Amino acid sequence: KKTSKYEGEVLVNGLPRDRLFRRIAAYVGQDDMMPPHWKVREAIKFNAALKRQPNRAHENVEGWIEVLLETFGLSGVAESYIGNQEVRGISGGQRR
């Protein structure tokens with residue numbers, strides 16, 4: 001918990017955030033909360049469904065999953081388990 005005051009500004013590529021910022025950015029915590037028995041593809045599908053906007057519900061999430069896997073360099077581990085300390089899975093860097 002942060003108790004001291006802080007101030008400043010948030011820049012994206014050196015520019016102030018615009019109205020599209022929330023559509024292209026998301027907070028990702030350091031500790032993953034994904035079940036270790038999920039596969040990478042399942043985790044991305046779940047998160048994509050959570051981010052989907054109600055007014056775009058007609059759009060297919062499946063197409064985005066392949067794009068995201070490729071963009072994040074996870075195509076090669078798409079069918080691997082997320083894993084944890086007890087279950088062998090992808091690396092910590094891939095998990096983030």
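## Arg41 and its contacts

Let's start with one residue and see what surrounds it. If you skip the neighbours within four places in sequence, Arg41 is in contact with Ile65, Glu66, Leu69, Ala78 and Glu79. Arg41 itself belongs to helix H2, which covers residues 40–51. Keep in mind that you're looking at a predicted model.

Is Arg41 buried or exposed? Neither label fits: Arg41 has a relative accessible area of 27%, and buried would mean under 20% while exposed would mean over 50%, so Arg41 counts as partly exposed. Another pair to look at is Arg41 and Ile82: they sit 41 residues apart along the chain, yet their C-alpha atoms are separated by 9.5 Å.

## Two salt bridges, one network

How many salt bridges does a search of the whole structure find? The answer is two, and Arg41 takes part in a salt bridge with Glu66 as well as in one with Glu79.

Take the Glu66 pair to begin with. The side chains of Glu66 and Arg41 meet at 2.3 Å, N to O. This pair links distant parts of the chain, with Glu66 in helix H3, Arg41 in helix H2, and their positions 25 residues apart. Glu66 is partly exposed, because its relative accessibility of 42% falls between the cut-offs of 20% and 50%.

Now for the other pair. Arg41 and Glu79 bring their side chains together in a salt bridge of 2.7 Å, again N to O. Here, too, distant parts of the chain are linked: Arg41 is in helix H2, Glu79 is in the loop between H3 and H4, and they are 38 residues apart. Glu79 has a relative accessible area of 47%, so this residue is partly exposed. Put the pieces together and you get a network of salt bridges linking Arg41, Glu66 and Glu79.

## The two sides of helix H3

Helix H3 runs over residues 61–71, and its buried residues are Val61, Ile65 and Leu69. Why do these end up on the same side of H3? They cover an arc of only 80 degrees around the axis, so they share one side. The general rule behind this is that an α-helix has 3.6 residues a turn, so residues three or four places apart point the same way.

What do the buried residues of H3 pack against? They pack against H2, the helix that holds Arg41. Two of them, Ile65 and Leu69, also turn up among the contacts of Arg41. On the face turned away from the buried side, H3 carries the exposed residues Glu70 and Thr71.

## Two positive phi angles

Just after H3 comes Gly73, with a positive phi of about 70 degrees. Asn13 has a positive phi as well, about 55 degrees, although Asn13 is not a glycine. Most residues other than glycine have a negative phi. You'll find Asn13 in the loop between strand S1 (11–12) and S2, and Asn13 counts as exposed because its relative accessibility is 78%.

## How confident is the prediction?

The mean pLDDT of the protein is 81, and 82% of its residues reach 70 or more. Which element has the lowest mean pLDDT? That's helix H4 (residues 92–95), at 70, whereas strand S2 (residues 15–16) has the highest, at 88. Where pLDDT is low, the predicted coordinates should not be read in detail.

Conventions. Residues are numbered from 1 along each chain as its sequence is written. Side-chain values use heavy atoms; hydrogens and water are left out. Helices (H or I, at least four residues) and strands (E, at least two) are DSSP runs, numbered from the N terminus. Buried means under 20% relative accessible area, exposed over 50%, partly exposed in between (1.4 Å probe, protein chains only). Contact means heavy atoms within 4.5 Å. The arc is that of the directions from the helix axis to the C-beta atoms. pLDDT is the predictor's confidence in each residue, from 0 to 100. A salt bridge is a side-chain nitrogen of Lys or Arg within 4 Å of a carboxyl oxygen of Asp or Glu.
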